[in-house]
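These are my notebook entries on one protein chain, kept in the order in which I looked things up. I began with a pair of strands and worked outward from there.

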Amino acid sequence: MAVIPQWYLDNYSPDRDTEDGSAVLPPFTVVIPTFNEAESLLPILHVVRRMADEVLVVDGHSTDGTEQVAAAAGATVLRDNGMGKGAAVRQGLLAARNEIVVLMDADGSHDPTEIPSLIGPIVRNEADHVSGSRMIGGSDELHATVKQSIRLFGSQVITLCINYSQGVRMTDCQNGFRAIRRSVALDLGLTEDIHTIEQEMIIKTIRCGYRLREMPSHEFPRANGESTFRILDVWLRFGLTVLYFLFWWSPEKRSPTTV
């Protein structure tokens, strides 16, 4: 049986209005990459389907019925190319039909009721890319074990590299929960196939001159099972890509009217 995340128990009701407290939400697309997350996905879809104009589940050829669960809940299901989360994110961005796109994970660690505050700065034309920050909003996953603490340390080192090389003050560059203008995301020319796409999006947004903002976002423990993400397998990739995008990669020249 699926473990229902606490945010679902605390915040969801069938009569929940699709408002952020002051204004009706504009049309937006939610993109959720998945791989064997059938049990965790359904509570998320119950919430996001009441808010989002479009929900795209980009599935990595799951064997546990994830595709069927997503389709039955009203999401549009796309099959990815098997290259990884980053490739699935890029596929979802290409397929989205709305200008505002929310990216989130399928494991129950992101609270979908935070989406209105996440897209708010874009709706008010204050930002082009809004990243949820676990450092501001808190996390139940980053301090519990030695592995999680090592992961946090590595993430903070990368964030410091971005801050001091680019003159910004980010707190979290690797959270998968974010909102971005589709046109901006496509203009960034994203290339990473795995989780490194998250830091790529942050760095390229800054270096291309787009407006980046953070909003508090709480990270909950995954609802079911164990994560298949192993930092030991990809730590070198994370380090090399951040150095490449910070110091070697150059954004295309663009006129001031496009930023």
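I looked first at how β1 and β2 pair in this predicted model, and found that β1 (residues 29-34) and β2 run parallel and are joined by six bridges. Within the pairing, Pro33 stands opposite Val58 of β2.

I then checked how far β2 (residues 54-59) is covered. Six of its six residues are buried, so the strand is largely enclosed by the rest of the structure. Glu54, Leu56 and Val58 point one way from β2, while Val55, Val57 and Asp59 point the other way, and all of them are buried.

Glu54 deserved an entry of its own, as a charged residue in strand β2. I counted Glu54 as buried because its relative accessibility is 8%, under the 20% cut-off. Leaving aside neighbours within four places in sequence, I found Glu54 in contact with Phe28, Thr29 and Val30, and also with Ala95, Ala96, Arg97 and Asn98.

Next I followed the charges. Asp53, Glu54 and Arg97 are linked in a network of salt bridges, and within it the side chains of Asp53 and Arg97 meet at 3.4 Å, N to O. Asp53 lies in the loop between α2 and β2 and Arg97 in the loop between α4 and β4, so this pair ties together parts that are 44 residues apart in sequence. Asp53 is partly exposed, with a relative accessible area of 37%, whereas Arg97 counts as exposed at 57%.

Which residues form salt bridges with Lys85? One is Asp105, with the closest N and O atoms 2.8 Å apart. Asp105 lies in the loop between β4 and α5 and Lys85 in helix α4, so the pair ties together parts 20 residues apart in sequence. The other entry I made for Lys85 is its salt bridge with Glu198, at 2.5 Å, N to O. That pair links distant parts of the chain, with Glu198 in helix α9 and Lys85 in helix α4, 113 residues apart. I noted that both Glu198 and Lys85 are buried, Lys85 having a relative accessible area of 16%, and that Asp105 counts as buried at 17%. The count of salt bridges comes to 14.

From Lys85 I went on to the rest of α4 (residues 85-95), where the buried residues are Lys85, Gly86, Ala87, Ala88, Val89, Gly92 and Leu93. The buried residues of α4 pack against the strands β1, β2, β4 (100-103) and β6 (178-181), and against the helices α8 (182-187) and α9 (197-207).

I compared this with α2 (residues 38-48), where eight of the 11 residues are buried, so that this helix is largely enclosed by the rest of the structure. The buried residues of α2 include Leu41, Ile44, Leu45, Val47 and Val48.

I then turned to Ser217, in the loop between β7 (212-216) and α10 (231-247). Is Ser217 buried or exposed? It is buried, with a relative accessible area of 1%. Its side chain makes a polar contact of 2.9 Å with the side chain of Glu114. Leaving aside neighbours within four places in sequence, the contacts of Ser217 also include Gly132, Ser133, Arg134, Asn175 and Phe177.

In strand β7 I also looked up Leu212, which is partly exposed at 23%. Leu212 touches His129, Met170, Ile202, Thr205 and Ile206, not counting residues up to four places away in sequence.

On the surface I noted a nonpolar patch of about 360 Å², made by Trp235, Leu236 and Leu240. Trp235 has its place in helix α10 and counts as exposed at 55% relative accessibility.

For backbone geometry I recorded two residues other than glycine with positive phi. His61, in the loop between β2 and α3 (66-72), has phi near 60 degrees, and Asn125, in the loop between α5 (115-123) and β5 (129-133), has a phi of about 60 degrees.

I closed with totals. The chain has 10 helices and seven strands, and of its 259 residues 50% count as buried. Of the contacts with a separation of 6 or more, 76% come from residues 24 or more positions apart.

Key. Residues numbered from 1 in each chain as written. Predicted model: local features only at pLDDT ≥ 70, side-chain atom pairs only at ≥ 80, totals over all residues. Heavy atoms only, no water. Helix = DSSP H or I, 4+ residues; strand = E, 2+ residues; numbered from the N terminus. Buried < 20%, exposed > 50% of the residue type's maximum accessible area, 1.4 Å probe, protein only. Polar contact = N/O pair within 3.5 Å; in protein donor to acceptor, adjacent residues only side chain to side chain. Contact = heavy atoms within 4.5 Å. Patch = residues over 30% accessible without salt bridge, like charges linked within 9 Å, V, L, I, M, F, W, Y side chains within 5 Å. Areas by Shrake-Rupley, 256 points an atom, 1.4 Å probe, with all protein chains shown as cover. Salt bridge = Lys/Arg side-chain N within 4 Å of Asp/Glu carboxyl O. Pairing = 2+ DSSP bridges.
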